[in-house]
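Visitor: I am new to this structure and should like to learn how to read it. Could we begin with the way strands pair?

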Amino acid sequence: MGKRNIAIILSVIGILSVSAQVSHERLYQEKYRPQYHFSPREGWIGDPSGLMYYQGKYHMYWWGKVESADLVHYQEVTPNVMKDVDPNIVCFTGSALIDKANTANYGENAYIAAFTLFDRESKKQSQGIAFSHDGQTFYHYDGNPVLDIWSTEFRDPTVFWSDKTQKWVMVVAKALEKKVKFYESEDLRHWTWTSDFGPWGDSEKSWECPDLFQLPVDGDWNNRRWVLVVSVNWAQEQYFIGDFDGKTFKLMENHPETPLYIDKGLDYYASRTFRDYDGTQREVLSLGWVATWDYAQQQPSAYGKGFWSIPRRLELKTYPEGLRMTQQPIERLKTLRDKKVSMSGILPVGTHQLRRFTPSRNVYELDVTFSTDISNTIGLNLCVGEGRKVVVSYDTDSHNLVIDRTHCTDSDIPKFSRMSHAIVEPQNGKLYLHIYVDKSSVEIFANDGKDVFTLQTFPSESQTGIETFALRKGTEMQLNAWELKSIYND
């Protein structure tokens, strides 16, 4: 990832001061601590790395490790899997795989991590590997780096097996050139360049954290397209749809030149998909880092810095404008729901408290439908209290959805006061919003996940109010709401 020197200080030095702070509050109940998003026990967490499904479990790394049977509840295994690391080297973002055929000569079914080696002195970034026989303790290959082009902006490899070429593929970013480079290897140690992709779409500042995977089109697993994801400008992600022959990625015909953004909110970055090494999964799932580099180091949380998004199920769907990627929360999150509260009717003019659903804390889920057949400005205020709120506003004429968190946090976070917006077209004369609120964040899935907005909020503990508002009369609303159980109750 870009701008990482400060992150290194946080993860190496800051963790000591964090430990002292955590002792003053009950573990996993600290202020701002997410209650159903994964965050580490303490310390820094950045990009998801090495996401895989293997031996009936989900494995996730940030070079710490966490495991899960359901991607709802998590078991943190260790804060550091990397052993025998040269003190001048820092392990940056990467991926992991299962070497079933022993191509790297570490044994059948060895875990192999592929990641960026950052040299503290020269600032050079190169690619290295490490091996493990239990997935918890990794030892660096003594011939590292395995790929070195003598660059300070060359990072974040994703490695996977290509059935077409019967070789390993590495997808890695040449960050400031706004390119993704493709390499192939038979043994994970010797790599040959095959092609480049980019610049394309959003190419303003940087590209990093590439991922490449296949998605079904309209639910048909016999009709799949390749999707290339890159994180851009240290703040957002864009994706490309096309074909990949094991060596070269080519855009589909009529691919839009304007960027296709994965998340149109303020805080979603460096997502990766889970690789299925059991061959049993019929869904593609992803996780992202809920943060932005402008203020990631200034988050006011006491337990540490950073957390990951709720897991998302990805698909490609056909719309009048063409293929687009959709993201939806995984179904298993429904197991956290408490008693359902439902209400429907005409929105009253003005701003009104939602009286039938009054959660005791910001740990809840909303499923809201608004009619859009009359001219109106409508929406919800979330995290209301002490003169602060998060505004979710929709204009039925312009179809502009605006999320404003300018006055939501009770903490002073530099560069934090911003808003996001996007054109969200109604579906069948309605706007559908599926909203997850969790202590310090809001995730909004609009119209079955065609448009997604993720943002941090950091409200006070008493900012739990919810309000509706409407400029004019006549808009219908249907709402289902659930308080959600904490995954730390046990």
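Guide: Strands of a sheet pair through backbone hydrogen bonds, and the pairing is either parallel or antiparallel. In this predicted model, strand β30, residues 388-395, and strand β31, residues 400-404, pair in the antiparallel sense. Five bridges join β30 and β31.

Visitor: Which residue of β31 is the bridge partner of D395?

Guide: The bridge partner of D395 is N400.

Visitor: In what order do the strands form the open sheet?

Guide: Six strands form this open sheet, and their order is β27-β36-β29-β30-β31-β32. The pairing is antiparallel.

Visitor: Which are the edge strands?

Guide: An edge strand here pairs on one side only. The two edge strands are β27, residues 350-353, and β32, residues 419-423. As for the twist, neighbouring strands of the sheet are turned by 15° against each other on average, with direction ignored.

Visitor: How many helices and strands does the protein have?

Guide: The secondary structure comprises one helix and 37 strands. The radius of gyration of the protein is 22 Å, close to the 23 Å that the globule rule gives for 490 residues, so the protein is as compact as a globular protein of that length. The C-alpha trace spans about 70 × 55 × 40 Å along its principal axes.

Visitor: What share of the residues counts as buried?

Guide: Of the 490 residues, 60% count as buried, where buried means under 20% relative accessible area. The accessible surface comes to about 19,300 Å², and carbon and sulfur atoms account for 47% of that surface.

How values were computed: Residues are numbered from 1 along each chain as its sequence is written. This is a predicted model: local features need pLDDT of at least 70, side-chain atom pairs count only at pLDDT 80 or more; totals for chains, interfaces and linings use all residues. Side-chain values use heavy atoms; hydrogens and water are left out. Two strands pair if DSSP finds at least two bridges between them. Helices (H or I, at least four residues) and strands (E, at least two) are DSSP runs, numbered from the N terminus. Axes are lines fitted to C-alpha atoms, for helices over the stretch in contact, and angles run from 0 to 180 degrees between N-to-C directions. The radius of gyration is taken over C-alpha atoms; the globule rule is 2.2 Å times the number of residues to the power 0.38. Buried means under 20% relative accessible area, exposed over 50%, partly exposed in between (1.4 Å probe, protein chains only). Accessible areas come from the Shrake-Rupley method with a 1.4 Å probe; for residues, only the protein chains shown count as cover.
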